[in-house]
Every structure is written in structure tokens, then in C-alpha cells.
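Let's take a walk through this one together, starting from a single side chain and working outwards. Have the viewer open and follow along.

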Amino acid sequence: MSLPRKVTLVDVGPRDGLQNEAQPVSTAVKIELIHRLQEAGLPSVQATAFVSPKWVPQMADNAEVMAGITRKPGVAYPVLVPNRKGLDAAMAAGAKEIVVFGAATEAFSKKNTNCTIAEGVARFSEVCDEALKNGIKVRGDISVCLGCPYEGEVSADAVAHVAREMAQIGCGQITICDTIGTGTAGKTRAAIEAVAKHIAIERLAIHMHDTYGQAIANIYAALECGITIFDSSVAGLGGCPYAKGATGNVATEDVLYLLDGLGIETGVDMKKLIAAGEFICGVLGRPTSSRAAKALAAKMAA
Ligand code: HMG
Ligand code: MG
């Protein structure tokens, strides 16, 4: 089985990671984290979310974060957008890439965005039309593809159904997300195969949380399927406030260790990435969740 020679890593730490922090994180720290990640070679850093501050107060400084970033040529700074209001604010802040986010189950859609799957798709359709008219790239994330905290098992057909709708309204990329990290390699493969019947594999991305420690195995299964775009979070930060029991995203350092070991090109420098993780963990006052970062930092110190 041949694996891709090159993949794109999207660090979602500044958004998925920091949206879930109980303690306030200053705008300056968010900006410094983004700068450190881009200096480490990440080609895409999910910067913030233009969601309702009543729902996610941690992202209320979205415009300030966007204004404070010194953009590096070639780096993308996608932001989450749930509706037209979010799109308008994101465009005013200079966003060039947005992420709309739906779900594979009705219960999660309601909890996370207060609407049904179909209502969400209708909202995103308007958002996509306007974004594309303005030259903004759109990605569609689908939550709870491999298990839902409210509905349990999720079928690959349900994932494929929402993926097709997201593609039809104009999302250039579609992300299969394991929001609560219950997925296994077999489930990952089944979801990818179901979606790939309708959407070219190059347009698919994978977003894994690591609650059950399966994310690296799932990513390997996705690589075998030909996926070339992966979300991860520096130091394994992350979690969705509307997904009970879910822990952080798979750590970028762990994914990079896997990819480096396979000789797959990413452009990311491990040492600088570990330093970015140490920076944010220092601010948060807790150790990294990345096994690779822990081991490599200990080796470097020795
Ligand atoms: P709603 O309460 O139904 O909406 O929320 P509403 O239209 O009635 O608005 C309520 C208030 O929010 C109003 O303010 C609006 O103006 C304001 P008020 O009139 O009461 O003063 N509002 C906004 N303010 C700023 N920006 C906006 C915006 N929209 C409304 N864009 C809504 C519906 C979708 C807005 C809400 O449910 C929401 O913001 N949800 C986002 C939840 C969220 O951010 N979750 C975490 C991110 S998703 C995730 O983590 C999963 C992911 O990582 C993939 C995975 O792992 O699965 C991506
Ligand atoms: Mg997530």
C-alpha cells in the first residue's frame, strides 16, 4: 500500500485548544502561539472562531487576534464561522479561509449550533455563496463522524450524507471529525471510504481527538486511504465545550513523529514545534499531552 509523499498539517490549537480553556488566555498569548506555530513551519494555523461570544467566550477576541497576527507568506489562517454574522465579522477581520461546521447527528448539531442538520446546511449555503463570491476558501467540518456523545454509534452512510450536502453547497474541503475520540482505525476507514465514493480523496481532511488513544492509528488508516490533510493541536490541546467527556486533539508533535518516521514531508520542524508547545503549556501551567514531545524534550535535556 503506498502512502502519500507529502501531507498538510493544520494546527488547530489556537482555536480548538484554547476554546476549551476554563482559565482566560490573553490575546497576546494567542498571537504569540500562532507566530510560534508558523515559525515551526505549519502551513495552516486555525487562528480563532467567529462564533457567538455567548456560546464560546474564549473566542470573543477573534478580531483582535486576527489584527495582531503578522502574516507569513504561504501560511493560511482559517477561522470558524457558524452563520452569516460570523462571516461578515471574519471578512472584516481579513479572513481568507473559513470553516463552517455541521454534524453527523441531529443531537450534536442542536447542542453545538442550536439548529438541525438541515437548518445548519441552509445557513452554511448562504455563508458559502457569499464567501466564494469574495474569494474566500471554505472548508466544511463534520463533527461526531465516528461516535456521538448523545446518540452513540454513527453510521458511515450518515457521514457520507452530510459530506455530500456540504460539498454541494460549495465547501472545497470536507473534514471527517472524531469529536470525542471514540473512533478506531476500522471506523475511520469505513467513514473515509463512504465519503470518498462521492468526493475526491484530495478534498478530504481528518480531525481526530485522542480521548481513547486511537488517533495515531486512525491517522495511519487515513494515510493508507490516501488522505493528505490532517488537523492536530500543539501539545494536544483541545476539546469542544459541547462534547461531554472529549479530550484534546491529537498532538501535532505525535503526528509529526509518525510522519517523520514514514519519511512523509510536512515542512514542520520538530524542535520549534516542541518549543511552541512548551510555551503554551507554560502559560497554562500544565504538562504537554504529547507523548513524543515529552520523550524528545527529555532526550534533548539529557
Ligand atoms: P443561537 O443562540 O441560536 O443564535 O446560536 P442567535 O442567532 O439567536 O444569536 C444569539 C446571540 O449571539 C445574539 O446576540 C447574536 O447576535 C449573537 P444577542 O442579540 O442575544 O445580543 N451571535 C453572534 N455573535 C457573534 N458572532 C456570531 C454570532 N451569531 C450569533 N457569529 C450559534 C447559534 C450558531 C450562533 C451558536 O450556537 C454558536 O455560536 N455556536 C458555536 C459553538 C462553538 O463554537 N462550538 C465549538 C466549535 S465547533 C468544534 O469544536 C468542533 C470542531 O473542532 C470539529 C470536531 O472536533 O468535531 C470544529
Ligand atoms: Mg475539534
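Is Gln38 buried or exposed? Keep in mind that what you're looking at is a predicted model. Gln38 turns out to be buried, because its relative accessible area is just 4% and the cut-off for buried is under 20%. You'll find Gln38 in helix H2, which runs over residues 27-39. As for who it touches, leaving aside residues up to four places away in sequence, the list is Val45, Ile69, Thr70, Lys72, Val75 and Tyr77.

Now zoom out to the whole chain. Twelve helices and nine strands make it up. Its radius of gyration is 18 Å, close to the 19 Å that the globule rule gives for 302 residues, so the chain is as compact as a globular protein of that length. If you'd rather think in terms of a box, the C-alpha atoms fill one of roughly 55 × 45 × 35 Å along the principal axes.

Gln38 has company in being buried: 55% of the 302 residues in the chain are. The contacts tell you about the fold too. Take those between residues at least 6 apart in sequence, and 76% of them join residues at least 24 apart. On the outside, the accessible surface adds up to about 12200 Å², and carbon and sulfur atoms account for 53% of that. Charges come next: there are 29 positive and 31 negative ones, and the mean positions of the two sets are 2 Å apart.

Head inside again and look for strand E5, residues 97-103. Six of its seven residues are buried, so the rest of the structure largely encloses it. Strand E4 (residues 79-80) pairs with E5 in the parallel sense, over two bridges. In that pairing, Leu80 stands opposite Val99 of E5.

Finally, a couple of backbone oddities in the loops. Asn114 isn't a glycine, yet it has a positive phi of about 55 degrees. You'll spot Asn114 in the loop between helix H5 (106-113) and helix H6 (117-133). With a relative accessible area of 45%, Asn114 counts as partly exposed.

Val144 is no glycine either, and its phi is also positive, at about 50 degrees. Its loop links strand E6 (137-143) and helix H7 (156-168). What is the relative accessible area of Val144? It's 0%, so Val144 is buried.

Methods. Residues are numbered from 1 along each chain as its sequence is written. Chains are lettered from A and ligands numbered from 1 in the order in which they are written. This is a predicted model: local features need pLDDT of at least 70, side-chain atom pairs count only at pLDDT 80 or more; totals for chains, interfaces and linings use all residues. Side-chain values use heavy atoms; hydrogens and water are left out. Helices (H or I, at least four residues) and strands (E, at least two) are DSSP runs, numbered from the N terminus. The radius of gyration is taken over C-alpha atoms; the globule rule is 2.2 Å times the number of residues to the power 0.38. Buried means under 20% relative accessible area, exposed over 50%, partly exposed in between (1.4 Å probe, protein chains only). Contact means heavy atoms within 4.5 Å. Accessible areas come from the Shrake-Rupley method with a 1.4 Å probe; for residues, only the protein chains shown count as cover. Lys and Arg count as positive and Asp and Glu as negative; His and the chain ends are not counted. The place of a charge is taken as NZ of Lys, CZ of Arg, CG of Asp or CD of Glu. Two strands pair if DSSP finds at least two bridges between them.
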